[in-house]
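Me: Please pick a single part of this model and take me through it closely, including whatever ties it to the rest of the chain. I'd enjoy one connected account rather than a list.

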Amino acid sequence: FIFPNINVPKKFLNCNYAVVIHDIAAWHNPSILNWRGKQLISCLPVVLQNANIIFTVSEYTALDIIKEFGISKDKITVAPNGLSQIYKNDEYLKKSNINSSISGKYFLNVGSFEPKKNLSFLLKVYERYREIVNLTKNPAKLVLTGGESWKTSEFISSIKTSPYVDDIIILGMVKVEELPILYKNATALIFPSLFEGFGLPVIEALSQGTPVLINNNSSLTQFKDFGATVIDNFDVDIWAEKLKVNCLSEVRVDANYVSKVKSYFDWDRTASIIATTIGISN
């Protein structure tokens with residue numbers, strides 16, 4: 001049996017099974033969960049100890065599990081997330097009209113409006129960027145996608161009172177097939193998340209040649225080897241200056257990095273890793 005999350009029924013705990021762990025952020029900070037989630041996460045040690053194989057989506061999560069629970073490294077296999085075919089097929093770029101309402105340059109953020117995404121910092125960075133390019137005729141807009149989550153009312157209020165509110169576009173939930181063109185036409189993806197077990201928007205943006213700014217934390221550090229710009233601290237001025245330089249230079253991700261992202265983060269490759277690990281011939 002392979003379970004895609006930690007919700008392993010008790011009757012399976014004595015069976016041969018594999019479990020997929022994306023991250024253990026909720027174990028470190030149960031306050032982000034509701035009561036049902038807290039009950040579920042409390043079973044994590046038993047699920048991990050009894051599992052024959054543990055699949056993780058990043059080396060960071062694998063090391064986090066080893067450190068926190070003393071699990072043997074031999075029991076863990078890293079099978080990274082992959083890119084959907086829509087990021088490898090240019091036909092999808094021709095079909096989307098998502099950008100029809102967005103004129104000019106824009107910075108993009110993709111993800112839910114939740115605390116770990118650090119969107120309040122993102123807003124401060126954008127406002128600082130606007131201050132330092134005050135005389136620029138066509139400054140880049142800020143485009144946000146994703147659904148609202150918990151503890152987001154303060155962030156939404158901050159947008160409404162921002163002096164640049166007219167240039168902040170909230171698209172909400174975007175259709176999957178419309179994301180590639182949204183990434184491709186963006187000046188950069190700004191992704192200042194506090195913690196990620198993987199960080200799917202990062203590889204999606206890089207696959208379209210779009211520069212990505214991330215912080216040096218959790219699994220995000222891995223993307224330095226794939227062309228992302230990794231910043232060592234959450235300094236508003238540093239991030240804003242990076243945006244200014246990026247916008248003026250109009251630099252794109254090197255083609256070698258784009259190719260590397262598409263070949264390494266591939267679902268067929270991930271499936272092959274899983275099949276080999278559990279003893280199924282391809």
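Reply: A salt bridge here means a side-chain nitrogen of Lys or Arg within 4 Å of a carboxyl oxygen of Asp or Glu. Happy to help, and please keep in mind that this is a predicted model. Let's look at helix α10, which runs over residues 236–249.

We can start with its geometry. With 14 residues at 1.5 Å each, α10 should span 20 Å, and its end C-alpha atoms are indeed 20 Å apart, so the expected and computed spans agree.

Now for the side of the helix that is turned inward. W239, A240, L243, N246 and C247 are the buried residues of α10. Viewed down the helix axis, these buried residues fall within an arc of 125°, so they line one face of α10. That pattern fits a general rule: an α-helix has 3.6 residues a turn, so residues three or four places apart point the same way. What does the buried set pack against? Its partners are the strands β5 (106–109), β8 (188–191), β9 (212–215) and β10 (229–231), together with helix α6 (119–132).

Next, the N-terminal end. D235 caps α10 there, with a side-chain oxygen placed 2.9 Å from the backbone nitrogen of D237. D237 also takes part in a salt bridge through its side chain, meeting R128 at 2.9 Å, N to O. This pair links distant parts of the chain, since R128 sits in helix α6 and D237 in helix α10, 109 residues apart. Helix α6 therefore appears twice in this account: as a packing partner of the buried residues of α10 and as the home of R128. R128 is partly exposed, with a relative accessible area of 28%, and D237 also counts as partly exposed, at 44%. Salt bridges with shared partners bring in E131 as well, joining R128, E131 and D237 into one network.

At the other end, α10 is followed by E250, which has a positive phi, near 55°. As a general point, most residues other than glycine have a negative phi. E250 forms a salt bridge with K105, whose closest N and O atoms are 3.0 Å apart. Again distant parts of the chain are linked: K105 lies in the loop between α5 and β5, E250 in the loop between α10 and α11, with their positions 145 residues apart. At 52% relative accessibility, E250 counts as exposed, because it is over the 50% cut-off. K105, by contrast, is partly exposed at 29%.

The loops beside the packing partners are worth a glance too. N118, in the loop between β5 and α6, has a positive phi of about 60° although it is not a glycine. N118 counts as buried, at 11% relative accessibility. S218 lies in the loop between β9 and β10, and its phi is likewise positive, near 40°. S218 counts as buried at 10% relative accessibility.

Finally, a little context. The search of the whole structure finds seven salt bridges, among them R128 with D237 and K105 with E250. To put α10 together: a buried face packs against strands and α6, D235 caps the N-terminal end, and E250 follows the helix with a positive phi.

Technical notes
Residues are numbered from 1 along each chain as its sequence is written. This is a predicted model: local features need pLDDT of at least 70, side-chain atom pairs count only at pLDDT 80 or more; totals for chains, interfaces and linings use all residues. Side-chain values use heavy atoms; hydrogens and water are left out. Helices (H or I, at least four residues) and strands (E, at least two) are DSSP runs, numbered from the N terminus. The expected span of a helix is 1.5 Å times one less than its number of residues. Buried means under 20% relative accessible area, exposed over 50%, partly exposed in between (1.4 Å probe, protein chains only). The arc is that of the directions from the helix axis to the C-beta atoms. Contact means heavy atoms within 4.5 Å. A polar contact is a pair of N or O atoms within 3.5 Å; within protein, one must be able to donate a hydrogen and the other to accept it, and residues adjacent in sequence count only if both atoms are side-chain atoms.
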